[in-house]
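Here's a quick walk through a single protein chain, from the overall fold down to one side chain. Take a look at the model before reading on.

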Amino acid sequence: NLETTSRKTHLTDYAKLIKDATSACPPLVEILSTRPSVTPTALKHTDASYAILINAGFSSVQADFINHGVGVFVMGICMAAFGKSQVAASFPSPETLKELYPNLYNGFIHQDWDHYFENMLDVGLDSMLDGFEKMLPQSS
């Protein structure tokens, strides 16, 4: 569906913009995740995103869930990417992981770590967009 592809492209671009900004300035992760912006410009952009969703057929309540869901998802990935060096220091060795947590080991060993953010983003956005499409009223 062309509309879904367009929405995914827009959301992916938005997510990558946040990821790039937080990679360039890691303290930005904490600021963005703990201090929501309520400036007139931020509210105008949020209102415009709600309007796009409502015009696409979502209710205002659904638009709110979608807007926040995507934002939390993207910030979560950025926070995970930012914190991975701290987590890595306390993570079990590959040998321990393989012995005690074989499912985690198999998941980690087969990851494309160079493209992890993009792959996680694709899987997450595809899943969310599929779910969002199911929320739209069916036209007869």
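What follows covers the fold, the confidence, the core, one residue in helix H4 and a surface patch.

Keep in mind that this is a predicted model. The chain averages a pLDDT of 78, and 86% of the residues score at least 70. Confidence isn't even across the elements: helix H2 (residues 27-34) has the lowest mean pLDDT, 72, while H5 has the highest, 87. As a general caution, where pLDDT is low, the predicted coordinates should not be read in detail.

On to the fold. The protein chain has 7 helices and 0 strands, so going from the N terminus you simply read α-α-α-α-α-α-α. Of the 140 residues, 23% are buried. The accessible surface comes to about 9,900 Å², and carbon and sulfur atoms account for 62% of that. If you take the contacts between residues at least 6 apart in sequence, 69% of them join residues at least 24 apart.

Now for the inside. The largest nonpolar core has 21 residues, and Phe58, Ile66, Val70, Val74, Leu121 and Phe132 have the most contacts within it. Four helices each give two or more residues to this core:

| Helix | Residues |
|---|---|
| H1 | 2-24 |
| H3 | 40-55 |
| H4 | 60-90 |
| H7 | 116-135 |

H4 supplies the largest share of the core, with 7 residues. For a closer view, try Phe132: setting aside neighbours within four places in sequence, Phe132 touches Phe58, Ile66 and Val70. Those three partners are also among the core residues with the most contacts.

Asn67 is another residue worth a click. Asn67 sits in helix H4. Is Asn67 buried or partly exposed? Its relative accessible area is 24%, and because buried means under 20%, Asn67 counts as partly exposed. Beyond its neighbours within four places in sequence, Asn67 is in contact with Thr46, Ser49, Tyr50 and Leu53. Tyr50 is 17 residues away from Asn67 along the chain, yet their C-alpha atoms are separated by 7.4 Å.

Last, the outside. Which residues make up the nonpolar surface patch of about 300 Å²? The patch is formed by Leu100, Tyr101 and Leu104. Leu100 belongs to helix H5, which spans residues 94-100, and H5 is the element with the highest mean pLDDT.

Note on methods:
Residues are numbered from 1 along each chain as its sequence is written. This is a predicted model: local features need pLDDT of at least 70, side-chain atom pairs count only at pLDDT 80 or more; totals for chains, interfaces and linings use all residues. Side-chain values use heavy atoms; hydrogens and water are left out. Patches are made of residues with over 30% relative accessible area and no salt bridge: like charges are joined within 9 Å, nonpolar side chains (Val, Leu, Ile, Met, Phe, Trp, Tyr) within 5 Å. Accessible areas come from the Shrake-Rupley method with a 1.4 Å probe; for residues, only the protein chains shown count as cover. A salt bridge is a side-chain nitrogen of Lys or Arg within 4 Å of a carboxyl oxygen of Asp or Glu. A nonpolar core is a set of buried Ala, Val, Leu, Ile, Met, Phe, Trp, Tyr and Cys residues joined through side-chain atoms within 4.5 Å. Buried means under 20% relative accessible area, exposed over 50%, partly exposed in between (1.4 Å probe, protein chains only). Contact means heavy atoms within 4.5 Å. pLDDT is the predictor's confidence in each residue, from 0 to 100.
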